[in-house]
Amino acid sequence: MKGVLVRGLSVLLIAFAWLGLSAVGAAGARAATDVSAVADALRENPVYVDPSMSGQLSAADADALAEKIEKADKPVFVAVLPGDFPAENLFRNLRTDTGVTGLYAIRLGDRFDAKADSSVLPNDAVRNLVTSVRGEDTKTQLNDFTDRALANVGGSAPSGWSDGGGGDGVEAGALIAVGAVIVAGGAGAYALARRSRRKKEAERRAALDRLRVVVDEDITAFGEELDRLDFHPAEAGADDAMRADYERSLDAYEKAKSFMAAATRPEEVRAVTEALEDGRFSLAVLAARREGRPVPERRAPCFFDPRHGPSVTDATWTPAGGAPREVPVCAADRVRLAEGHDPAVREVDTDSGRRPYWEAGPAYGPWAGGYFGGGILPGLLVGTMLGSMMAGPAYAADYGSGYGDFGGAGYEGGDVSGADFDSGDFGGGFGGGDFGGGGGGGDFGGGF
């Protein structure tokens with residue numbers, strides 16, 4: 001009877017880890033017979049230890065690890081499973097059954113590996129974290145990995161951890177005994193669990209509001225270009241190719257306005273600037289056809305200000321305190337640089353006044369990514385403030401995984417995505433013959 005009472009109290013108090021009470025790392029006494037059972041446990045608690053593995057990680061150590069994760073309010077899931085647990089597609093199946101965006105770490109017998117949604121932590125970062133704890137015993141390995149992961153992973157803890165899990169055999173006396181504690185601490189614990197998420201959402205809205213000013217300027221500038229065009233589809237000399245170019249530019253203008261009106265997150269601005277870039281190129285092609293010139297090749301916009309239109313060449317430019325690099329430039333900026341003058345740089349508002357966009361905040365990453373795409377942007381921005389911000393895991397979590405390339409269907413750490421996730425993030429690892437020893441060393445092979 002005493003054991004039933006203690007277990008019931010522990011389950012009830014999972015949601016209130018900040019009160020210093022138990023957070024039941026093993027999430028119940030039943031053995032995990034399949035991935036679904038592990039997933040059920042992880043939806044209620046960040047740490048699951050199969051009963052047969054209690055010798056590797058005790059209940060007290062699992063509790064402490066779970067409490068650490070919950071206090072950090074991060075979507076980190078840890079499972080300790082026996083070596084004979086079905087390993088094929090283990091990460092992918094566990095992510096599917098759990099349905100929560102996050103970082104998943106598994107100790108499988110004496111082996112260890114981890115996978116994560118790239119919106120939470122890039123694959124390279126996961127691989128480096130795993131490598132850093134290779135060869136350690138279970139307790140040390142899981143604690144070291146978790147400590148380092150919590151400092152890098154993005155997103156917030158899933159709501160299920162603070163909602164509490166259901167438990168069998170909870171007596172009415174137990175409920176009465178802890179009722180006063182629950183009532184007193186419940187509201188505060190619930191608020192703490194949600195505070196970081198609300199703060200992040202407020203920061204995201206502020207970033208979008210600041211970014212909206214710049215994007216509206218871009219849309220307005222493109223609209224003015226269309227007004228100055230003085231082209232009519234029925235004018236003398238107009239052919240089907242010209243009319244198609246004109247239609248594409250008009251469509252791009254309407255798309256940009258529509259996308260911006262619907263945007264609720266900074267990363268959604270990328271679609272706006274992609275549309276504007278496409279529209280400006282269509283205008284450049286139309287101008288060439290009307291003037292009898294060869295159709296220009298598709299090039300990136302002018303790096304210094306995309307409103308200048310498509311670039312005509314690459315030129316050497318050195319940012320303040322940075323290394324020289326080749327950047328795409330418009331004809332006017334090519335002349336300015338050749339004559340030793342400063343280019344006409346796009347400046348935006350920052351907390352320290354007007355600054356070039358590459359010295360502004362991280363919200364300008366999606367804006368630049370839409371114009372320049374993921375392939376060219378890293379080389380252009382290396383050594384700048386924006387480039388440094390975009391290279392970090394925190395940027396990937398807040399604004400997408402890498403230089404304007406955004407994935408994950410808009411889900412962030414802790415969000416319930418169900419089976420809607422990039423399965424490539426969870427490929428390889430256990431079961432593919434490419435898993436290295438976590439306890440005894442060995443290199444990880446493919447699957448990363």
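Buried, in this talk, means under 20% relative accessible area. Tyr 104 has 1% relative accessibility, so Tyr 104 counts as buried. I will come back to that residue in a moment. What you have in front of you is a predicted model.

Some totals to begin with. The protein chain contains 14 helices and eight strands. Of its 448 residues, 48% are buried. The chain exposes about 19200 Å², and carbon and sulfur atoms supply 52% of that. Taking contacts between residues at least 6 apart in sequence, 66% join residues at least 24 apart.

Now the aromatic residues. There are 18 aromatic pairs in the structure. One of them is Tyr 104 with Phe 426, an edge-to-face pair with 5.8 Å centre to centre and 80° between the planes. Which parts of the chain does this pair link? Tyr 104 sits in strand β3, residues 103–108, while Phe 426 is in the segment after α14, and the two are 322 residues apart. The partner is buried as well, because Phe 426 has 2% relative accessibility.

Another edge-to-face pair is Phe 303 with Phe 304, with 5.5 Å centre to centre and 70° between the planes. Phe 303 has a relative accessible area of 0% and is therefore buried. Phe 304 is also at 0%, so Phe 304 counts as buried too. Both of these phenylalanines belong to one aromatic cluster, together with Trp 317, Tyr 357, Trp 358, Trp 367, Tyr 371 and Phe 372.

Next, a helix pair. Two packed helices are described by the angle between their axes and the distance between the axes. Helix α3, residues 59–72, packs with helix α6, residues 138–150, at an angle of about 0°, and their axes are 11 Å apart. Are these helices roughly parallel or roughly antiparallel? Angles under 35 degrees count as roughly parallel, so α3 is roughly parallel to α6.

Which residues in α3 and α6 meet? From α3 they are Asp 61, Leu 65, Lys 68, Ile 69 and Ala 72. From α6 they are Lys 139, Leu 142, Asn 143, Thr 146, Asp 147 and Leu 150. By class, this contact has five nonpolar, two polar and four charged residues.

Moving to the loops, Asp 73 lies in the loop between α3 and β2. This residue is not a glycine, yet Asp 73 has a positive phi of about 55°. Is Asp 73 buried or exposed? Its relative accessible area is 8%, so Asp 73 is buried.

Asn 89, in the loop between β2 and α4, likewise has a positive phi, near 55°, in a residue other than glycine. Here the accessibility is 36%, so Asn 89 counts as partly exposed.

The last residue is Gly 109, in the loop between β3 and β4. Gly 109 counts as buried because its relative accessibility is 10%. What is Gly 109 in contact with, leaving aside its neighbours within four places in sequence? The residues are Met 53, Gln 56, Leu 81, Pro 82 and Gly 83. For Pro 82, the C-alpha to C-alpha distance to Gly 109 is 4.8 Å, with their positions 27 residues apart in sequence counted as a separation.

That is the end of the tour.

Conventions
Residues numbered from 1 in each chain as written. Predicted model: local features only at pLDDT ≥ 70, side-chain atom pairs only at ≥ 80, totals over all residues. Heavy atoms only, no water. Helix = DSSP H or I, 4+ residues; strand = E, 2+ residues; numbered from the N terminus. Buried < 20%, exposed > 50% of the residue type's maximum accessible area, 1.4 Å probe, protein only. Contact = heavy atoms within 4.5 Å. Areas by Shrake-Rupley, 256 points an atom, 1.4 Å probe, with all protein chains shown as cover. Phe/Tyr/Trp six-rings, centres within 6.5 Å; stacked < 30°, edge-to-face > 60°. Axes fitted to C-alpha atoms, helices over the stretch in contact; angles between N-to-C directions. Parallel < 35°, antiparallel > 145°, perpendicular 65-115°, else oblique. Nonpolar A, V, L, I, M, F, W, Y, C, P; charged D, E, K, R; others polar.
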